[in-house]
Amino acid sequence: MTGQSRREHRIGLLNGFAAYGMWGVVPLFWPLLKPAGAIEILAHRMAWSLVLVGAALLVLRRWSWAGELLRQPRRLGLVAVAAAVITLNWGVYIWAVNAGQVVEASLGYFINPLVTIALGVLLLKERLRPVQWVAVGVGFAAVLVLTIGYGRPPWVSLCLAFSFATYGLVKKKVNLGGVESLAAETAIQFLPALGYLLWLGSRGDSTFAAQGVGHAALLASTGVVTALPLVCFGAAAIRVPLSTLGLLQYLAPVFQFLLGVLYFREAMPPERWAGFALVWLALSLLTWDALRTARRAARTLRSEISAPSATMAMGTGTGTGTRTGTGTRTGTGTGTGSVARNAEGSAAASATVGKSVSGAVTGAVSGSGTGTGTGHVSGPASGPVSGSVSGPASGPAEAKP
């Protein structure tokens, strides 16, 4: 790794830690917005996020994607679906934190990878490796244990996990950049959010202007809280491997869980610890399997890179043929052939005396070639004579993966 690449990798790691760290400590922010309710906070988040992201795109002059998106109704519809499910995700999370359910909210992001895998199997017909099946089974058992522990299904966790997994699936289909995608989604959210805030103000129930300048500034800063981690995540995604990002993603729910237990003092009876332990076991299995698969892929890639460079096989050979009949005829022929190959090749050609000689050359890995040659005939007899030509192959060539 060169000095420049090490520096880029370090910058990527710092941005990754910043992104997931901010997402991890965001439960400390939402209670500051009280007495605003969860829906009012959500509406401000959607509205101010568009203002901030729109200003960033205006400075960067990145608007060409918008016209293309408007001309593609299917992608626009998927963006609307993404906006709907992330609205649900944001609203449930804000409510859960301000209602004292931080630990259960963190569980949603712990089990999100398991839900994502389940959706891949059910909707995309993906095939799982055995370890992944075991992890999904352990995760299902964890939900059952937590259901018993809570006396009800952990619906906050399940809602957050399924909504975010669906959001990720839709985003994959839309294939827009992070900032562009957020701009498109908040553009769809903006009018309903603004309409709700105006309606709330007309009833005298809005806290934006009623609680002072500080409270209004905090509500406006929800756009920064939404966009800044996303910018850091985008900077990390282009500089560090996906396997590293996969490990960093667990920072957010770990921080949230610790805040719920240590700062907000939420109860953790033994059955909840047992459920969380099963979830962590499932995630450990998934992580181990992902790292093992990544190492195997890296070894395969290294072996392919270190293999001998592809060569162009050049084959030459001579052959003789005899025939007895009304006369005796002898012939000699030479042939050459070329072929793209990876390691060692062999050449073979057939010669017909008195005509051209054609040779087929085959490389040890793949390839085909043709050879030409001439034969000289001596003797009074007439008739076809065949001779075999063979020779070693060697020389440079270009290989295609």
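## Salt bridges, helix packing and unusual backbone in a predicted model

Arg129 and Asp289 form a salt bridge in which the closest N and O atoms are 2.7 Å apart; the term denotes a side-chain nitrogen of Lys or Arg within 4 Å of a carboxyl oxygen of Asp or Glu. Arg129 lies in the loop between α6 and α7 and Asp289 in helix α14 (residues 270-306), so the salt bridge ties together parts that are 160 residues apart in sequence. Helices here are DSSP runs (H or I, at least four residues), as strands are (E, at least two), and they are numbered from the N terminus. The two partners differ in their surroundings: Arg129 is partly exposed because its relative accessibility is 33%, whereas Asp289, at 1%, counts as buried. Buried means under 20% relative accessible area, exposed means over 50%, and partly exposed lies in between, with a 1.4 Å probe and protein chains only.

The model is predicted: local features need pLDDT of at least 70 and side-chain atom pairs count only at pLDDT 80 or more, while totals for chains, interfaces and linings use all residues. Residues are numbered from 1 along each chain as its sequence is written, and side-chain values use heavy atoms, with hydrogens and water left out.

Side chains of opposite charge can pair when their charged atoms come close. A search of the whole structure finds eight salt bridges. Arg7, Glu8 and Arg239 are linked in a network of such pairs. Arg7 is found in helix α1 (residues 3-25), and its closest N and O atoms to Glu8 are 3.8 Å apart in a salt bridge. Glu8 also meets the side chain of Arg239 in a salt bridge, at 2.8 Å from N to O. This second pair links distant parts of the chain, since Arg239 is in the loop between α11 (222-237) and α12 (242-248) and Glu8 is in helix α1, 231 residues apart. Arg7 and Arg239 are themselves 232 residues apart along the chain, and their C-alpha atoms are separated by 9.7 Å. Each member of the network counts as partly exposed: Arg7 at 44% relative accessibility, Glu8 at 25% and Arg239 at 28%.

The loop that carries Arg129 joins two helices that also pack against each other. Helix α6 (residues 112-124) and helix α7 (residues 130-150) meet at an angle of about 120°, with their axes 10 Å apart. Axes are lines fitted to C-alpha atoms, for helices over the stretch in contact, and angles run from 0 to 180 degrees between N-to-C directions. The two helices are therefore oblique to each other, given that angles under 35 degrees count as roughly parallel, over 145 as roughly antiparallel, 65 to 115 as roughly perpendicular and the rest as oblique. The crossing of α6 past α7 is left-handed. A crossing has this hand if the near helix is turned anticlockwise from the far one by less than a right angle, and is right-handed if clockwise. From α6, Leu114, Ile117 and Val121 make the contact, and from α7, Gln132, Trp133, Ala135, Val136 and Gly139; contact means heavy atoms within 4.5 Å. These residues divide into six nonpolar, two polar and no charged. Ala, Val, Leu, Ile, Met, Phe, Trp, Tyr, Cys and Pro count as nonpolar, Asp, Glu, Lys and Arg as charged, and the others, Gly among them, as polar.

Helix α6 also packs against helix α8 (residues 155-174), at an angle of about 55° and with the axes 9 Å apart. This pair is therefore oblique as well, and α6 passes α8 in a right-handed crossing. The α6 side of the contact consists of Asn112, Val115, Thr116, Leu119, Leu123 and Leu124, and the α8 side of Ala161, Phe162, Phe164, Ala165, Thr166, Leu169 and Lys173. Nine of the contact residues are nonpolar, three are polar and one is charged.

Some backbone features in the loops remain to be described. Most residues other than glycine have a negative phi, and most peptide bonds are trans. The peptide bond from Lys34 to Pro35 is cis, with omega near 15°, and Pro35 is placed in the loop between α1 and α2 (38-60). Arg61, although not a glycine, has a positive phi of about 60°; Arg61 lies in the loop between α2 and α3 (64-70) and is exposed, with a relative accessible area of 74%. Arg265 likewise has a positive phi of about 60° without being a glycine. Arg265 lies in the loop between α13 (251-263) and α14, and it is exposed at 67% relative accessible area.
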